[in-house]
Amino acid sequence: MRAAYAIAADMTDPRSALRVADLPETTPPEGWVTVDVRAGSLNQHDIWSLRGVGLRADRLPMVLGCDAAGVDQDGNEVVVYPVVADETDPRGLSLLSERFPGTLAERVSVPPENLIPKPAGLSFLDAACLPTAWLTAFHMLTTRGRVEYASSVLVQGAGGGVATAAVALAVAMGKRVYATSRDPGKRERIAELGATAVEPGVRLPERVDVVIESVGAPTFDHSMKCSAPGARIVVCGATGGHLATVDLRRLFAMRLDVLGSSMGTVPELAALLDFLVEKDVRPVIDSTYGFSAIADAFARLESGEIFGKVAIDFLH
């Protein structure tokens, strides 16, 4: 079957470890079901896999990809939840493409409970953008950030998949949303989503109740200074650096919660799908590539110029 897969680990030139070609299918674990993939999307996780982070050498070659929507063995249109129980991993779980083959192939196999019906109102491309970045943002806002008790949200570093999803979701939830970006063009697009776009480090008109943090060291002090008493700073990544400095005086004086977050649950993904249909919100797609141009899609992702998701249309 056609697949995009890692053949090696290359920290300095990750795309050199990418191959797009026919690959023999592996036998899935007993009881798993197979999905014919119609669309997928890329995540920074795929770039890190090519660098060898979280992907052991003895598991190569490995089909990349966490996100997919397609048709199951019974002809049902489904969305694939990418988290699989994994006793060999210290987390107790792994994402598709870490131990088990990922979604950037014509077919992917998963446990049956990992399939969620795709709403008729969402296209395959839209649905394929949701299981990682949009689910992560939804989980950060709702379960970890308890956004229902908040009136204002700050999203650091909007432009990438999770941050842009957080902006769109928080606006749809009726919150006052502020979002930072160094790029003037991206700030314009943030404003089009209904948020107040600001440069990094700028003093906000108010202190916020929830901060969505995926940048890390460059923005964390700003996140703390922008937090209202009792605010929740929810962290899902550290793209700008993982060794942030924390002023403990501000932490205890303002009674702040700093919360780690990763992915979300199957019920949350189902709730996200329903929410997007109900609110008529669709994922922000930066660009769409056919499967034969998937190497170009990886180049686009790695460029850092994206705004939203890089999607893969398997039918082209």
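**Close-up views of a predicted model**

At 0% relative accessibility, D67 counts as buried. This residue opens our tour of a predicted model, and its salt-bridge partner comes next.

**View 1. K309 and D67 join two strands through a salt bridge.** The closest approach of the two side chains is 3.5 Å, N to O. K309 belongs to strand β18 (residues 309–313) and D67 to strand β5 (residues 67–71), so this pair ties together parts that are 242 residues apart in sequence. Like its partner, K309 has little relative accessibility: at 3%, K309 counts as buried. For context, a search of the whole structure turns up 17 salt bridges.

**View 2. R99 and D86 form a salt bridge between two loops.** Here the closest N and O atoms are 2.9 Å apart. R99 sits in the loop between β8 and β9, while D86 sits in the loop between β7 (83–85) and β8, and the two residues are 13 apart. Is each partner buried or partly exposed? R99 is partly exposed, with a relative accessible area of 34%, whereas D86 counts as buried at 2%.

**View 3. E305 and R300 meet in a salt bridge, and D89, R91 and E98 form a network.** The side chains of E305 and R300 come to 3.5 Å, N to O. E305 is exposed, with a relative accessible area of 54%, and R300 is partly exposed at 23%. For a second stop in this view, look at D89, R91 and E98, which are linked in a network of salt bridges.

**View 4. The cysteines C66 and C236 are shown in a structure with 0 disulfides.** A disulfide is a covalent bond between the sulfur atoms of two cysteines. The search of the whole structure finds 0 of them. C66 is in no disulfide, and its nearest cysteine sulfur, that of C129, is 13 Å away. C66 is also buried, with a relative accessible area of 0%. Why is C236 without a bond to the closest cysteine sulfur? The closest one is in C66, and at 14 Å it is too far for a bond. C236 is partly exposed, with a relative accessible area of 26%.

**View 5. S223 is buried in helix α6.** The helix covers residues 220–225, and S223 has 0% relative accessibility. Which residues does S223 touch, leaving aside those up to four places away in sequence? They are Q156, V211, E213 and I233.

**View 6. M11, W48 and V53 make a nonpolar patch on the surface.** Together these residues have about 290 Å² of accessible area. V53 is found in the loop between α1 (44–51) and β4 (62–63) and is partly exposed, with a relative accessible area of 41%.

**View 7. A cis peptide bond and two positive phi values deserve a look at the backbone.** Most residues other than glycine have a negative phi, and most peptide bonds are trans. The peptide bond from L60 to P61 is cis, with omega near -5°, and P61 lies in the loop between α1 and β4. S97, in the loop between β8 (93–95) and β9 (107–110), has a positive phi near 90° and counts as buried at 0% relative accessibility. M263 has a positive phi near 55°. M263 lies in the loop between β16 (257–260) and α8 (266–279) and is buried, with a relative accessible area of 8%.

Technical notes:
Residues numbered from 1 in each chain as written. Predicted model: local features only at pLDDT ≥ 70, side-chain atom pairs only at ≥ 80, totals over all residues. Heavy atoms only, no water. Helix = DSSP H or I, 4+ residues; strand = E, 2+ residues; numbered from the N terminus. Buried < 20%, exposed > 50% of the residue type's maximum accessible area, 1.4 Å probe, protein only. Contact = heavy atoms within 4.5 Å. Disulfide = S-S within 2.5 Å. Patch = residues over 30% accessible without salt bridge, like charges linked within 9 Å, V, L, I, M, F, W, Y side chains within 5 Å. Areas by Shrake-Rupley, 256 points an atom, 1.4 Å probe, with all protein chains shown as cover. Salt bridge = Lys/Arg side-chain N within 4 Å of Asp/Glu carboxyl O.
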